[in-house]
Amino acid sequence: MPEVNRQIVLASRPVGMPKESDFRLVVSPIPKPASGEVLVRAQFLSVDPYMRARINGRSGYARPVQVGEVMVGSAAGEVVESNDPRLSVGDPIEGDLGWQEYAVAPAKTLRKLDPAVAPISSSLYVLGMPGLTAYFGLLDICRPQPGETVLVSAAAGAVGSLVGQIAKIKRCRAVGIAGTNEKVRFITRDLGFDGGFNYKETPDYVARLKEFCPNGIDVYFDNVGGAITDAAIQLINNRARIAVCGQISQYNQAEPEMGPRWLGQLIIKQAKVEGFLVHQFADRYEEGYRQLGAWTREKRIKYREDVIEGLENAPKAFISILEGRNIGKQLVKLA
Ligand SMILES: NC(=O)c1ccc[n+]([C@@H]2O[C@H](COP(=O)([O-])OP(=O)(O)OC[C@H]3O[C@@H](n4cnc5c(N)ncnc54)[C@H](OP(=O)(O)O)[C@@H]3O)[C@@H](O)[C@H]2O)c1
């Protein structure tokens, strides 16, 4: 075991798009677990859009990361020292460990993984938070019915790629919006979406949506907000359901972007818009893991990891998702 821990801390609060210099690598002693705690060596870190909100200094749904603090985030790894009977040395786990190579955590806060079921990296994706977000967000908030059209934005990313596939399992028409032609090929050819388009090459979103959603939109799973969402709302059907999962197009804006006022459309269409946080389904996570695991084993859900190596590259990986360079789930693999 090395003698030191390496960690990525927040160096300064980003203004607009974060820069690598907003983060700093520091070296510190490897912590010792107290009673009830374990020491974990991380093997994969997750970088996620919510982290942008955690570093902007404004209080939202969770405490902001302070300048100088280790960046927050989930990681998968193995227990290397245990002071709790629930976990033994060598056990693979997933938990909120932050951007660091070694972390101490109370054993009761960690999820023990079974590598025979799936590689441990999937605990940060299809069998982890993004998978649960897609599963509960689509099925509970939107309640898609066979034959309906489900539209999802950021469709080639971690959550979006799963939303479209679950929509297909539920016998819906799945349409995705993504930011490159390669992503559109990925969702249509590899994942089985019925259609999709590259919004960065589309001057008129409404016209393109009409082409791919000829019967209108029954369910819109919104990952991005902004102009894409403004266009989608114009095409919703009676009794449409819109799940507001994310608003990534707004995360780097200092002030909210002004847009057209479409709420009247919700009256005319008697539609429902509901925001959600995956954590509100915490008491049903086991159900989500079970079903997502079964669909993955049956190959009804496919997933793709986009892996960058090295703790020092975690800031680059994080910026990569805000810039739309990832396909599937962005992960950082540690040595
Ligand atoms: N409510 C919850 O509990 C919950 C939980 C997890 C995630 N989320 C939200 O779900 C969304 C997707 O998260 P994820 O982890 O699956 O990330 P992801 O989709 O893997 O990565 C983010 C993607 O967003 C797209 N994007 C970036 N900037 C954009 C912009 N200005 N306009 C439109 N699209 C943009 C990019 O794809 P393109 O190339 O297509 O632009 C990028 O690849 C995020 O908004 C996130 O905050 C919410």
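**Two helices and a ligand shell**

Me: In this predicted model, what makes α2 and α8 count as roughly perpendicular to each other?

Reply: The axes of α2 and helix α8 (residues 285-297) come within 10 Å and cross at roughly 100°, and since angles of 65 to 115 degrees count as roughly perpendicular, the two helices are therefore described in that way.

Me: Which residues make the contact between α2 and α8?

Reply: With contact taken as heavy atoms within 4.5 Å, α2 contributes Gly131, Leu132, Tyr135, Phe136 and Leu139, while α8 contributes Tyr285, Glu287, Gly288, Tyr289, Gln291, Leu292 and Trp295. By class, this contact of α2 with α8 has 8 nonpolar, 3 polar and 1 charged residues.

Me: Why is the pairing of Tyr199 with the ligand called a polar contact?

Reply: A polar contact is a pair of N or O atoms within 3.5 Å, and a polar side-chain atom of Tyr199 lies 2.5 Å from an oxygen atom of the ligand, so this pair falls under the definition.

Me: What makes the approach of Phe276 to the ligand a polar contact?

Reply: Here a polar backbone atom of Phe276 is 2.9 Å from a nitrogen atom of the ligand, which is again within 3.5 Å.

Me: How much of the ligand does the protein bury?

Reply: Taken alone, the ligand exposes 910 Å², and 90% of that is buried by the protein. Among the elements that give two or more residues to the shell around the ligand is α2 (129-142), and by class that shell has 16 nonpolar, 10 polar and 1 charged residues.

Conventions. Residues numbered from 1 in each chain as written. Predicted model: local features only at pLDDT ≥ 70, side-chain atom pairs only at ≥ 80, totals over all residues. Heavy atoms only, no water. Polar contact = N/O pair within 3.5 Å; in protein donor to acceptor, adjacent residues only side chain to side chain. Areas by Shrake-Rupley, 256 points an atom, 1.4 Å probe, with all protein chains shown as cover. Helix = DSSP H or I, 4+ residues; strand = E, 2+ residues; numbered from the N terminus. Nonpolar A, V, L, I, M, F, W, Y, C, P; charged D, E, K, R; others polar. Axes fitted to C-alpha atoms, helices over the stretch in contact; angles between N-to-C directions. Parallel < 35°, antiparallel > 145°, perpendicular 65-115°, else oblique.
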